[in-house]
Number of protein chains: 2
Amino acid sequence: MSLLDRLTALLGPAHVLTGRDCAPYVSEWTGKYHWEPLAVLRPANRDEVAAVLRLASETGTPVVPVGGRTGLVGGTEAQGRLMLSLERMNRIREIRPEARIAIVEPGVILSRLHEAAADRGLYFPLWFGARGSAMIGGVLSTNAGGSNVLRYGSTRALCLGLEVVLADGRVLNLMSELHKDNSGYDLKDLFIGAEGTLGVITAAVMRLVPAPRAHATAMLAMPSLDAALALLNRLQAATGGLVEAFEFMPRSYQALLVARRPDLGLAFDRIYDVTILVELGATAPRDCSPGPDGTLPLAALLEETLGAMMEEGLVTDAVIAASEAQRQALWARREAAAEVGTPVSGPSVDTDICVPLDKVATFLTQAEARVAALDPGAFPHCVAHLGDGNIHFTVFPTRDDPALEGAMVRAVEDTVQDLGGSFSAEHGVGLSKRGSMARRKDPVALDLMRGLKQAFDPGNILNPGKVLP
Amino acid sequence: MSLLDRLTALLGPAHVLTGRDCAPYVSEWTGKYHWEPLAVLRPANRDEVAAVLRLASETGTPVVPVGGRTGLVGGTEAQGRLMLSLERMNRIREIRPEARIAIVEPGVILSRLHEAAADRGLYFPLWFGARGSAMIGGVLSTNAGGSNVLRYGSTRALCLGLEVVLADGRVLNLMSELHKDNSGYDLKDLFIGAEGTLGVITAAVMRLVPAPRAHATAMLAMPSLDAALALLNRLQAATGGLVEAFEFMPRSYQALLVARRPDLGLAFDRIYDVTILVELGATAPRDCSPGPDGTLPLAALLEETLGAMMEEGLVTDAVIAASEAQRQALWARREAAAEVGTPVSGPSVDTDICVPLDKVATFLTQAEARVAALDPGAFPHCVAHLGDGNIHFTVFPTRDDPALEGAMVRAVEDTVQDLGGSFSAEHGVGLSKRGSMARRKDPVALDLMRGLKQAFDPGNILNPGKVLP
């Protein structure tokens, strides 16, 4: 019996897609990767995943686990491979509000978990543009970040336990709900961010947090990034760490926004060099009810801080959201980033870098100069989770020239390395950044990673060729 | 040249101790383990550590890395082995208050880091009794916990970057200061909690947090653990998560305290079944300055919550610290735990377990019943980081009988396993809990851990025989 016949016997014909039926699965959202998979498999449960992996191991067939396929680095490319889609394993098995946990399957879409948590007055604090498509399995496998990392950490910080099917089909049970567990090596965190190369996540225990019941949100024009960092520090000190998001949109981003999404409008009557979107979130009752003058305590703190900084010349202009609708309108300008940052036509060099907070301005100056030296007409732009030092720095070169694009990537990497940063902050490595891994990662670390891969997946069937150069 | 001669040539005679000079290093604080090391080595820097490990690898000589030797599970036992003491690598290289990080060497004593951070208005939020002796290297290698895990997490959550010397002497550079970095597998977290079996930590980047500038601390008598959990949840909700510590001292603990440390006195005029030490910590200015009536806002919130619960019959009695001296006096009763929980003579069965928060009462009832069935005269007692579900459950059996002690450990483990808990919450595995690892850990997880050990330390020279059964 052929492999596909055996898989069909295992999963049923409706869940082994081939040929044209694979159409929705054969490219990445960015349009940078296209492929023809051997088949798309849609297992219903953990045991089917295990059976598929046993069969793949036995036959040496590569398997690419996929979720919502919203990744940006080619991590789900699957030319000639089996795609293992976890989409049918989409149950939120349990939410226990008292314990503040959700037990979920990998095919749960992020926004469904947001809704389910909200119904219980809780929040799953992982927030980014693709939340309507991204699935928990992919979110875990890429250690996804987003706009709330500043306060709540990346996905790794939000996961208490995992169930994983290994390459040979064995099931690893790490489904702990505990906040403390020192029984041996930290295996859980190895699978988080491994992009499906070490095992397939089939269930997870995720942390929930009390839902912020009041927000204070503002869009600010500021004279410099130094002023922005001063504001962040003052707000953290004034509120005791209640800053939920601190996003930077420079002139270049605003220019693209005006051109691409004129419907969203600008927050100010002109474009400034430094625009910041800041949001505070409160859960304590005393922060959630308006004072005698009708102002929320957090909004009052924000206004007070901004007022003082305006007098010092450190804030140029400010719009504070006075309603949830106004808050959404401010956020819409930030959340258009994926759309706004994609070229209408022509090439694009995308990076997702991280540097220490106080080196963001230096990074931008140096990277832009290096890019201009390579291609004076290139258009560099960015949007940044400034509170994390994480910059999505993108360049539209003037010509479609792979050598030039490669030189630009290396120029950005040089700058990052000089500043003690990372070439991959939150998007992962996939295919796109394997070259960066080879060039920039500590060689001893690479060696250990190869040893890990060999120990966990000796047949190299799990998403082979990804992450490791 | 003999191995010791070569080591002496490498480190200098003053730093290769043998025979009687090893005396301070030959036992564990608990008194449960004694050994005769081959020698105690005291390298001055990373390169000396690397040279020692190269030599150890070449000669197949086992090496036991040690710090302050305050562990409780035999992790530093070193019969016939080289002990590698990191005590001379004790520099706080840098504290950068704006970035809220400290770059430290492994021999830095925890309380020195507390002091250095406090000088800059910051706090290193890892707090436990042995802080005056424990060193950062050991704290990292055991993923130490303590009283502030509830708010700030265990050591793993406080470490941004590491430098590690591997078994073969190669240096792994993971000294990141970044809060986001998705460049390959999470190696850092593997070394944290590995008890020196995968590599020797030679430097670390640790997170600091704003120092709480006001505390509200109280000792409470409560009718039940359910009432205690209700209080924890109400305080977290009322303050927006400012509970720093939530410690449980039952009747058995208080009885020992009275007997052993009468100088400390009791908080109340009698002993209650459930005594809780709770502490709130505030950094926001509005929480740190007294209101018109002279009461701190947090203390007012605490009093209000306690008052309401007293009316509901959920709090029996309360002492709120009115000064720093009173606060210290309340804490002294909790911090005497190590002393109070050690038998004057005779055997002691110690465990360090974790269960979901709402199962602590069930655990205690069941574990005590099982222990009583084995030895009706045994004295079970405990002290607990209740906010984490972490219980230091100890039994003084009536007779010195290894078979009985083993049966008691297994009885406690049975209870823990039934409740979805862990047999090791914060003390680690070392030698003492290798049997528990063999009996209780997922066999697939054990297999992967053995694979990791083989990949990282193929010659099995790093603290061999620890952690893995």
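## A buried ring pair in chain B

B:Phe363 is buried, with a relative accessible area of 0%. Keep in mind that this is a predicted model. B:Phe393 is buried too, at 1% relative accessibility. What is the geometry between the rings of B:Phe363 and B:Phe393? Their centres are 5.5 Å apart and their planes stand at 80 degrees, so the pair is edge-to-face, because planes over 60 degrees apart get that label. B:Phe363 belongs to helix α13 (residues 360-374) of chain B and B:Phe393 to strand β19 (residues 390-396) of chain B, so the pair links distant parts of the chain, 30 residues apart.

## More aromatics, and one charge over a ring

Over all chains, the structure holds 12 aromatic pairs. One of them joins A:Phe191 and A:Phe456: the ring centres are 5.6 Å apart and the planes meet at 55 degrees, so this pair is tilted. A:Phe191 sits in helix α6 (residues 188-191) of chain A and A:Phe456 in helix α16 (residues 443-456) of chain A, so the two rings tie together parts that are 265 residues apart in sequence. Both count as buried, with A:Phe191 at 3% relative accessibility and A:Phe456 at 4%.

Elsewhere in chain A, the residues A:Tyr123, A:Trp127 and A:Tyr152 form one aromatic cluster. Over in chain B, a charge comes into play: the charged end of B:Arg270 sits over the ring of B:Tyr272, 4.3 Å from the ring centre.

## The nonpolar core

How many residues does the largest nonpolar core have? The count is 101, and the residues with the most contacts inside this core are A:Leu187, A:Phe191, B:Leu187 and B:Phe191. So A:Phe191, from the tilted pair above, turns up again here.

Take B:Phe191 as a worked case. Leaving aside neighbours within four places in sequence, B:Phe191 is in contact with residues of chain B including B:Leu140, B:Leu162, B:Val164, B:Leu172, B:Ile201 and B:Phe456. The contacts of B:Phe191 also take in A:Leu448, from the other chain letter.

## An open sheet in chain A

In chain A, 5 strands make an open sheet with antiparallel pairing, in the order β5-β6-β10-β8-β9. Which strands stand at the edges? They are β5 (92-96) and β9 (171-174) of chain A; each has a single partner strand, so one side of each is left without a neighbour in the sheet. From one strand to the next, the twist averages 10 degrees.

Inside that sheet, strand β8 (residues 159-165) and strand β10 (residues 200-207) of chain A pair in the antiparallel sense over 6 bridges. A:Leu162 stands opposite A:Ala204 in β10(A). Helix α2 (residues 46-59) of chain A lies across β8, β9 and β10 of chain A, and runs at about 50 degrees to β8(A).

## Enclosed elements in chain B

Strand β13 (residues 243-250) of chain B has 8 of its 8 residues buried, so this strand is largely enclosed by the rest of the structure. β13(B) pairs with strand β14 (residues 274-282) of chain B in the antiparallel sense, over 7 bridges. B:Phe246 stands opposite B:Val278 in β14(B).

Helix α3 (residues 110-118) of chain B has buried residues of its own: B:Leu110, B:Ser111, B:Leu113, B:His114, B:Ala116 and B:Ala117. What do they pack against? The buried residues of α3(B) pack against β5 (92-96), β6 (101-104), β7 (122-123) and α4 (136-141) of chain B.

## A buried loop residue in chain A

A:Leu419 lies in the loop between α14 (402-418) and α15 (434-440) of chain A. Is A:Leu419 buried or exposed? At 10% relative accessibility, A:Leu419 counts as buried, because the cut-off is under 20%. Setting aside neighbours within four places in sequence, A:Leu419 is in contact with A:Val355, A:Pro356, A:Lys359, A:Thr362 and A:Phe363.

## Two positive phi values in chain B

Most residues other than glycine have a negative phi. B:Asn460 has a positive phi, near 55 degrees, and B:Val467 has one near 70 degrees. B:Asn460 is found in the segment after α16 (443-456) of chain B, and B:Val467 lies in the segment after α16 of chain B as well. Their surroundings read differently on accessibility: B:Asn460 is partly exposed, with a relative accessible area of 39%, whereas B:Val467 is buried, at 0%.

Methods:
Residues are numbered from 1 along each chain as its sequence is written. Chains are lettered from A and ligands numbered from 1 in the order in which they are written. This is a predicted model: local features need pLDDT of at least 70, side-chain atom pairs count only at pLDDT 80 or more; totals for chains, interfaces and linings use all residues. Side-chain values use heavy atoms; hydrogens and water are left out. Rings of Phe, Tyr and Trp (its six-membered ring) pair if their centres lie within 6.5 Å; planes under 30 degrees apart count as stacked, over 60 as edge-to-face and the rest as tilted. Helices (H or I, at least four residues) and strands (E, at least two) are DSSP runs, numbered from the N terminus. Buried means under 20% relative accessible area, exposed over 50%, partly exposed in between (1.4 Å probe, protein chains only). A charge sits over a ring if NZ of Lys or CZ of Arg is within 6 Å of the ring centre and within 35 degrees of the ring normal. Two strands pair if DSSP finds at least two bridges between them. Axes are lines fitted to C-alpha atoms, for helices over the stretch in contact, and angles run from 0 to 180 degrees between N-to-C directions. Contact means heavy atoms within 4.5 Å. A nonpolar core is a set of buried Ala, Val, Leu, Ile, Met, Phe, Trp, Tyr and Cys residues joined through side-chain atoms within 4.5 Å.
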